[in-house]
Amino acid sequence: MNHIEVLKAVRLRSNCSSGILDGFLLQDGLISLLPRVVDLVSDCDITVIAAGGIVDARGYVAALILGAHGVCLGTRFLATHESFAHPYYKQKLLEYNETNYTNVFGRSRWPGAPHRVLRTPFYTEWRHFPDDENEENQPVIGHSVIHGVPKEIHRFAGTIPNATTTGDLDCMVMYAGEGVGMIKEILPAAEVLRKLIEEAQQIIQQKFSHV
Ligand SMILES: Cc1cc2nc3c(=O)[nH]c(=O)nc-3n(C[C@H](O)[C@H](O)[C@H](O)COP(=O)(O)O)c2cc1C
C-alpha cells in the first residue's frame, strides 16, 4: 500500500468501520494498518485516533499498543440507553454478529461512500442491487423526524432508524461495526466508558506491570 492508499484507508476507516478488511484496500485490518499510519505521520504533529471494530477495553489497549493516541467507538455507543437509535435497531445490534461492507444504501446522497451494515435478511436479499440504481426511484418505506424536520425514507436510503422512525424498519439500513458480535447488552453510556477505562487499567496492570 502506498502513502496515498494508506491515507485513503485512514479516511475509510473513520467512515463507519473497517471496509479495508473486506478487500477494498488490500485487506488491511486495524492491526496492520494502524502501525503503518503511526509510522507514516510520526514526523508530523498529528493525533492518531483508531476507529473500527473497537468495543471494549481489549480493543482500546490493543490500539494504544499499536501506537494510537486514542480511540473512537461508534457502534458500542449506538447500543446505549442514551443513543437516539430506534429501540428495534438497538435490539438488532445485540442479535446480529455479522456485518458487510457495502454501497447498496444511500448511493444517491453519498456516492462512492460505502459503509458497514448489519447483514440483515433485507440486506442479504438485496446485496447485489444493480450498480446503476439508487434510492431515488424507490418506494417510501417509512418516516423519520431528523433535526426537527419530518422526512420520508425511501428503500435503500442511507437513513438509519432513529427513535422517531415509523414504517418498515427491517428494510432500512442499520450501520454497524465489525465488533458488533461482542456487544451483548444495552448499557448506559457512562457504564460503557467506566468499563472501558477500568478494564483497560486492569489489562495494563496484569499484562505489563512486570515488564
Ligand atoms: C450509526 C452510525 C453513523 C455514522 N455516521 C457517520 C458519518 O456520518 N460520517 C462519518 O465519517 N462516520 C460515521 N460513522 C462512523 C463512526 O464515526 C466511527 O468511525 C465508526 O463507527 C467506528 O467504528 P465502530 O462502529 O466499529 O466503533 C457512523 C457510525 C455509525 C455506527
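**Close-up 1. Three strands make an open sheet in the order E6-E5-E7, and the pairing is antiparallel.** At the edges sit strand E6 (149-154) and strand E7 (166-167), each with a pairing partner on one side only. Keep in mind that this is a predicted model. Strand E5 covers residues 140-146, and its antiparallel match with E7 runs over 2 bridges. To find your way around that pairing, look for Gly142, which stands opposite Gly167 in E7. As a reminder, strands of a sheet pair through backbone hydrogen bonds, either parallel or antiparallel.

**Close-up 2. Helix H5 (residues 87-95) and its buried residues.** Which residues of H5 are buried? They are Tyr89, Lys92 and Leu93. Look down the helix axis and these buried residues fall within an arc of 105°, so they line one face of H5. That buried set packs against helix H4 (75-78) and strand E4 (115-118). Swing round to the face turned away from the buried side and you meet Pro87 and Glu95, both exposed.

**Close-up 3. Ile46, a loop residue between helix H2 (30-40) and strand E1 (49-51).** Is Ile46 buried or exposed? Ile46 has 12 C-beta neighbours inside 10 Å, and a residue with 12 or fewer is classed as exposed, so Ile46 counts as exposed. His69 makes a handy second landmark here: it is 23 residues away from Ile46 along the chain, and the two C-alpha atoms are separated by 9.5 Å.

**Close-up 4. Residues 14-27, where pLDDT stays under 50.** The model does give this stretch 43 contacts beyond four places in sequence. Still, go easy on the fine print: where pLDDT is low, the predicted coordinates should not be read in detail. For the chain, the mean pLDDT is 88, and 86% of the residues reach 70 or more.

**Stepping back. The whole chain has 7 helices and 7 strands.** Following the sequence, you run through the pattern α-α-β-α-β-α-α-β-β-α-β-β-β-α. Of the 211 residues in the chain, 36% are buried. As for contacts between residues at least 6 apart in sequence, 57% of them join residues at least 24 apart.

Technical notes:
Residues numbered from 1 in each chain as written. Predicted model: local features only at pLDDT ≥ 70, side-chain atom pairs only at ≥ 80, totals over all residues. pLDDT = per-residue confidence, 0-100. Contact = placed C-beta atoms within 7 Å. Buried ≥ 20, exposed ≤ 12 C-beta atoms within 10 Å, placed from the backbone. Helix = DSSP H or I, 4+ residues; strand = E, 2+ residues; numbered from the N terminus. Arc of directions from axis to C-beta. Pairing = 2+ DSSP bridges.
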